[in-house]
Every structure is written in structure tokens, then in C-alpha cells.
Amino acid sequence: MSTRIDRISEEVMKALADAIRLVKDPRVQGAMVSVIRCEVTNDLRYAKCYVSVLGSAQQAGEVMKGLKSAAGWLRREVGHRVQLRYAPELVFELDNSITHGAHISEMLHELKSEGKLGGEESQ
């Protein structure tokens with residue numbers, strides 16, 4: 001990927017993260033939503049945005065519906081902030097990596113506290 005596209009992807013990600021905080025949809029408003037990364041296509045028409053939602057799978061599904069519902073408004077906001085001639089169409093994808101990582105960390109902590117996981121030896 002070119003450095004220009006990388007730079008624009010980064011700007012879109014930052015602008016989207018700021019704009020999501022302003023969404024008035026109750027499905028999105030009360031949730032902890034993080035924009036993990038954005039990938040803008042070379043023609044700048046689409047931006048695939050990976051978002052993570054802290055909470056249950058049902059809550060994540062509701063947040064995704066809310067984001068898709070607010071996509072037009074978010075696109076306009078991102079376009080104003082990034083100052084491109086045409087704002088890319090936002091395509092949202094749920095990214096479970098943070099939730100998955102937290103679950104693994106919790107499991108490791110439980111195993112360590114039960115003594116089933118070999119921890120650091122005393123030095």
C-alpha cells in the first residue's frame with residue numbers, strides 16, 4: 001500500500017473514532033466502541049472499518065446495527081474532518097480480537113491462581 005493511502009486510512013480511523021462518540025443512536029451511545037483499524041481502498045471509495053465492542057455478543061450485534069444505521073451521518077462527519085473531495089463509504093466489520101484477548105488473559109489468570117500454570121520460579 002502507498003504511504004498516502006496509509007495516511008488517509010489513519011486519518012479516517014481517528015475521525016471515525018471521534019465521530020462515533022457523537023452518535024445519538026441509543027444502541028451505540030451507551031456502548032464501549034473502539035475503532036481498531038480502517039483500510040481505505042486505493043480509489044478512496046470504500047473504507048473497511050474494524051470496530052470492537054466491549055460487552056456481550058448481543059450488545060455487539062446491536063451496536064453494529066446502530067453503526068450501519070448511522071453510516072451516512074458518520075460518512076459525512078468523516079468527510080468533513082479528513083477533508084477529501086469524496087468521503088469513502090464506510091463498511092463496518094466486528095473485530096473480536098480485544099474481547100478474545102481479554103478472555104484468554106482471564107483464563108490464564110485463573111489457571112495461574114489454581115496452580116495449574118507454571119509461573120515464574122522464585123529467584
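What share of the contacts in the protein chain with a separation of 6 or more comes from residues 24 or more positions apart? The share is 64%. A contact here means heavy atoms within 4.5 Å.

This is a predicted model, in which local features need pLDDT of at least 70 and side-chain atom pairs count only at pLDDT 80 or more, while totals for chains, interfaces and linings use all residues. Residues are numbered from 1 along each chain as its sequence is written, and side-chain values use heavy atoms, with hydrogens and water left out.

**Overall build**

The protein chain holds 5 helices and 3 strands. Their order along the sequence is α-α-β-β-α-α-β-α. The radius of gyration is 18 Å, well over the 14 Å that the globule rule gives for 123 residues, so the chain is more spread out than a compact globule. That radius is taken over C-alpha atoms, and the globule rule is 2.2 Å times the number of residues to the power 0.38. Helices (H or I, at least four residues) and strands (E, at least two) are DSSP runs, numbered from the N terminus. Along the principal axes, the C-alpha atoms fill a box of roughly 60 × 35 × 20 Å.

Of the 123 residues, 33% are buried. Buried means under 20% relative accessible area, exposed over 50%, and partly exposed in between (1.4 Å probe, protein chains only). The chain exposes about 8400 Å², and carbon and sulfur atoms supply 50% of this area. These areas come from the Shrake-Rupley method with a 1.4 Å probe; for residues, only the protein chains shown count as cover.

There are 17 positive and 17 negative charges, and their mean positions lie 10 Å apart. Lys and Arg count as positive, Asp and Glu as negative; His and the chain ends are not counted. Each charge is placed at NZ of Lys, CZ of Arg, CG of Asp or CD of Glu.

**Strand pairing**

Two strands pair if DSSP finds at least two bridges between them. E1 (residues 32-40) and E2 (residues 46-54) pair in the antiparallel sense over 8 bridges. Methionine 32 has leucine 54 in E2 as its bridge partner. Valine 40 stands opposite alanine 47 in E2. E2 also joins E3 (residues 89-94) by 6 bridges, and these two strands run parallel. Here cysteine 49 faces phenylalanine 92 in E3.

**Selected residues**

| Residue | Location | Relative accessibility |
|---|---|---|
| Serine 9 | helix H1 (residues 3-20) | 6%, buried |
| Leucine 44 | loop between E1 and E2 | 16%, buried |
| Leucine 94 | strand E3 | 34%, partly exposed |
| Glutamine 83 | loop between helix H4 (71-82) and E3 | 68%, exposed |

Serine 9 touches Cys38, Glu39 and Val40, not counting residues up to four places away in sequence. With that same exclusion, leucine 94 touches Val51, Val53, Ala60 and Met64. Leucine 94 and isoleucine 36 are 58 residues apart in sequence, yet 9.5 Å apart in space, C-alpha to C-alpha.

**Backbone angles**

Most residues other than glycine have a negative phi. Leucine 44 is not a glycine, but has a positive phi of about 65 degrees. This leucine 44 sits in the hairpin of E1 and E2, which has 5 residues between the strands. Glutamine 83, also a residue other than glycine, has a positive phi near 60 degrees.
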